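Visitor: I should like to take a close look at one part of this chain and then see how it sits among the other features. Please treat the matter in one connected account.

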Amino acid sequence: MGKITGFMEFQRQEESYLPPATRLKNYAEFVIPLTNEQAKVQGARCMDCGIPFCNNGCPVNNIIPDWNDLVYRGNYREALDTLHSTNNFPEFTGRICPAPCEAACTLGISEDPVGIKSIEHKIIDEGWEHGWVIPQPAAKQTGKKVAVVGSGPAGLAAAQQLARAGHAVTVFEKSDRIGGLLRYGIPDFKMEKSHIDRRVQQMEAEGVVFRTSVLIGKDFPANVNNMAKETIFPEDLQKDFDAVVLAGGSESPRDLPVPGRELKGVHFAMDFLPQQNRVNAGDKLKDQIKATGKHVVVIGGGDTGSDCVGTSNRHGAASVTQFELMPMPPEQENKPLVWPYWPTKLRTSSSHEEGCERDWAVATKRLEGKGGKVEKLIACRVEWKDGKMAEVPNSEFEMKADLVFLAMGFVSPVATILDAFAVDKDARGNAKASTDGEGCYKTSAAKVFAAGDMRRGQSLVVWAIREGRQCARAVDEFLMGSSELPR
């Protein structure tokens, strides 16, 4: 794969970034992709390792060594076909996937792993630039109708696969634009929304019908992400369609039950981030949450918290601090212990590099303010022993806080939609559906399937694409008795 001795001759080269002072002025993407020559060299590093653990490390099982070799040889057209054979939307994963494939790379045991994500990014960019990404409508129609509820990566992947199998697919989205959390949640500086728009155009040419601002259900909590102007009851959907795929996101955020939670200025991350997406799209908002000139505290050390950091800095925040409840992870993982699995180690995002104070093993005790508005956060140090947390004596401290963003993950899908379909739930509140054997991805409700966050809980975009693809095959088998769609 690649050049036989390439892994010994060439070093890993990362994609470069525009400097922080430049990229903080706007919400545009700032990653500088590899040149053709750089991509060739990085493809040459792929080893003939015998067992390509990267394939299994990738949730969609991308055929990584093959397209690494094709890029090394300059054959981008075939590399794109190979990439698309397992991944409907590599422009999404090539930008926002954390690359578990690279953690599983055999070369990574002793050296820096192959830059798989940067090569994937290069392949799909070449595909769009040269006009190779075109609609692939089905040769014939089956006469079967499928409803997909939710237009995030799971819903889009399922819809595209089912349309290419010849089914009439309608995607329902409660927001005013297609994309789910890709559209309203992922900051534009990580992924510009034009990437979603051109995939929607491709899918429309393949026969997919998109209906926005439509709520499927009965009662749904009012929030920033519910822009529905029309409601369709589940029983009507089940009557009008031969199959229904529930592919919504895990939208119930983990709350912080401490005194002062009710103060103004304390918000869930997903009340903050989608607003900026909407403003960037040209919407006029009356009450946008703005971090300009404010002292911001982000509670939660994951990607959503990092996105709050980057957005706050672009607003011009006076300061940004991010707290994490867990201890600070090691800067370097113990590779012999964890490879080829995803390691726990310190990860510093581009948003952190733009300006942020980070602290670990910190618990919030209460929030205080005047006139109903938050002004400070009272926290303490904690230590972990045998999986249990204890407060460190005499460690309490306070921090100025004009805005507090809660970014501690999501616990489940919104329960009302699953209850409306009378779908059985698992212990975590997700739709109960197996991925094994006959009837995989099928829920307890007649003709209703579930995929992505709706079934597995909060997860990665690449996992959502995998589940959407596999669910599409299960639906195709349910409707037709067999399926030629890939597993």
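Which residues make the nonpolar surface patch of about 250 Å²?

Guide: The model is a predicted one, and the patch in question is formed by L325, M326 and M389. L325 is placed in the loop that runs between β12 (319-324) and α15 (335-338). With a relative accessible area of 34%, L325 is partly exposed. A patch of this kind admits residues with over 30% relative accessible area and no salt bridge.

The surroundings can be read from the division of the chain, which consists of domain 1 (5-130), domain 2 (145-252 + 410-480) and domain 3 (256-406). Beyond α15, the loop between α15 and α16 (350-353) holds P340. The peptide bond that joins W339 and P340 is cis, with omega at about 5 degrees.

Strand β16 (388-391) is followed by a loop that leads to β17 (397-400), and N394 is found in that loop. N394 has a positive phi, near 60 degrees, although it is a residue other than glycine. N394 counts as exposed because its relative accessibility is 83%. A422 also has a positive phi without being a glycine, here of about 55 degrees. A422 belongs to the loop between α17 (415-420) and β20 (448-450), and its relative accessible area of 54% makes it exposed.

Strand β16 also takes part in charge pairing. E391 and K365 meet through their side chains in a salt bridge, at 3.3 Å from N to O. This pair links distant parts of the chain, with E391 in strand β16 and K365 in strand β14 (residues 362-370), 26 residues apart. Both partners are partly exposed: E391 has a relative accessible area of 41%, and K365 has a relative accessibility of 29%.

A further salt bridge is formed by E467 and R456, whose closest N and O atoms are 3.7 Å apart. E467 lies in helix α19 (residues 461-480) and R456 in helix α18 (residues 453-456), so this pair ties together parts that are eleven residues apart in sequence. E467 counts as buried, at 2% relative accessibility, whereas R456 is partly exposed at 23%. Elsewhere, shared partners join K365, R366, E368, K376, E391, E396 and E398 into one network of salt bridges.

In total, the structure holds 34 salt bridges. One of them pairs R95 with D125, with the closest N and O atoms 3.4 Å apart. R95 belongs to helix α7 (residues 90-96) and D125 to helix α9 (residues 116-129), so the pair ties together parts that are 30 residues apart in sequence. R95 and D125 are both buried.

Between domain 1 and domain 2 the count is one salt bridge. E91 and R199 form a salt bridge with their closest N and O atoms 2.6 Å apart. The C-alpha centres of domain 1 and domain 2 are 28 Å apart. Their contact takes 23 residues from domain 1 and 25 residues from domain 2. About 2300 Å² is buried between these two domains, with carbon and sulfur atoms giving 67% of that area.

One last residue is R261, in the loop between β9 (252-253) and β10 (266-268). R261 is buried because its relative accessible area is 19%, against a limit of under 20%. Apart from neighbours within four places in sequence, R261 is in contact with D255, L256, V266, F268, L367 and L406.

Definitions and conventions
Residues are numbered from 1 along each chain as its sequence is written. This is a predicted model: local features need pLDDT of at least 70, side-chain atom pairs count only at pLDDT 80 or more; totals for chains, interfaces and linings use all residues. Side-chain values use heavy atoms; hydrogens and water are left out. Patches are made of residues with over 30% relative accessible area and no salt bridge: like charges are joined within 9 Å, nonpolar side chains (Val, Leu, Ile, Met, Phe, Trp, Tyr) within 5 Å. Accessible areas come from the Shrake-Rupley method with a 1.4 Å probe; for residues, only the protein chains shown count as cover. A salt bridge is a side-chain nitrogen of Lys or Arg within 4 Å of a carboxyl oxygen of Asp or Glu. Helices (H or I, at least four residues) and strands (E, at least two) are DSSP runs, numbered from the N terminus. Buried means under 20% relative accessible area, exposed over 50%, partly exposed in between (1.4 Å probe, protein chains only). Contact means heavy atoms within 4.5 Å. Domain bounds come from an automatic or database domain assignment. Buried area is the accessible area (1.4 Å probe) that two parts lose on being put together, summed over both.
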